[in-house]
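This report deals with a pocket and with two points of backbone geometry. The sequence and structure come before the details.

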Amino acid sequence: QLQLVESGGGLVQPGGSLRLSCAASGDTLDDYAIVWFRQAPGKEREGVSCISRIGEIKYADSVKGRFTISRDNTKNTVYLQMNSLKPEDTATYYCAATETFYYYCSGPYPDFGSWGQGTQVTVSS
């Protein structure tokens, strides 16, 4: 019965920054691993970053060094800080929750029981 809501997207120039939020309700976020996905028009959905249930973190190579995922359990929220944004980062960004990925963000594709509605990020000059 976990619900997720993304926010923080918008229009930004190349080199700029945005912070996305994934706010959870209905359950405590520390019982879940959270994965940020993105999907651009005409392209397949890709994983951007993951934080496991105990805090292990993974990033896609395309965003490593520029994006930072973090969790604030007191606010029941996961964040994605995006710096040095590029036009190829333009996409709809989604967060999803799974009860697997306890130690590591690895292994078979899990059951994502909850998805947010998505927030649009556009990077353009």
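The sections below cover the pocket and its lining, then two residues with a positive phi.

## Basis

The structure is a predicted model.

## Largest pocket

The largest pocket holds about 210 Å³ of space. Its lining is made up of 16 residues, and those closest to the centre are V35, F37, G47, C50 and F101. Three elements give two or more residues to this lining: β4 (33-39), β5 (46-51) and β6 (57-59).

The largest share of the lining comes from β5, with 4 residues. By residue class, the lining of the largest pocket divides into 11 nonpolar, 4 polar and 1 charged.

## F101

F101 belongs both to the pocket and to the backbone part of this report. Besides being among the lining residues closest to the pocket centre, F101 has a positive phi of about 55 degrees, although this residue is not a glycine. Its place in the chain is the loop between β9 (91-98) and β10 (114-115).

The relative accessibility of F101 is 12%. Buried means under 20%, so F101 counts as buried.

## N76

N76 is another non-glycine residue with a positive phi, again of about 55 degrees. The loop that contains N76 runs between β7 (67-72) and β8 (77-82).

N76 counts as buried because its relative accessibility is 16%, and the cut-off for buried is under 20%.

Note on methods: Residues are numbered from 1 along each chain as its sequence is written. This is a predicted model: local features need pLDDT of at least 70, side-chain atom pairs count only at pLDDT 80 or more; totals for chains, interfaces and linings use all residues. Side-chain values use heavy atoms; hydrogens and water are left out. On a 1 Å grid over the protein atoms alone, a cavity is a set of points where a 1.4 Å probe fits but cannot get out, and a pocket is an open set with protein on both sides within 12 Å along at least five of seven lines; lining residues have an atom within 4 Å of a point. Grid points are joined across faces, edges and corners, and a volume is the space filled by probe spheres set on the points. Ala, Val, Leu, Ile, Met, Phe, Trp, Tyr, Cys and Pro count as nonpolar, Asp, Glu, Lys and Arg as charged, and the others, Gly among them, as polar. Buried means under 20% relative accessible area, exposed over 50%, partly exposed in between (1.4 Å probe, protein chains only).
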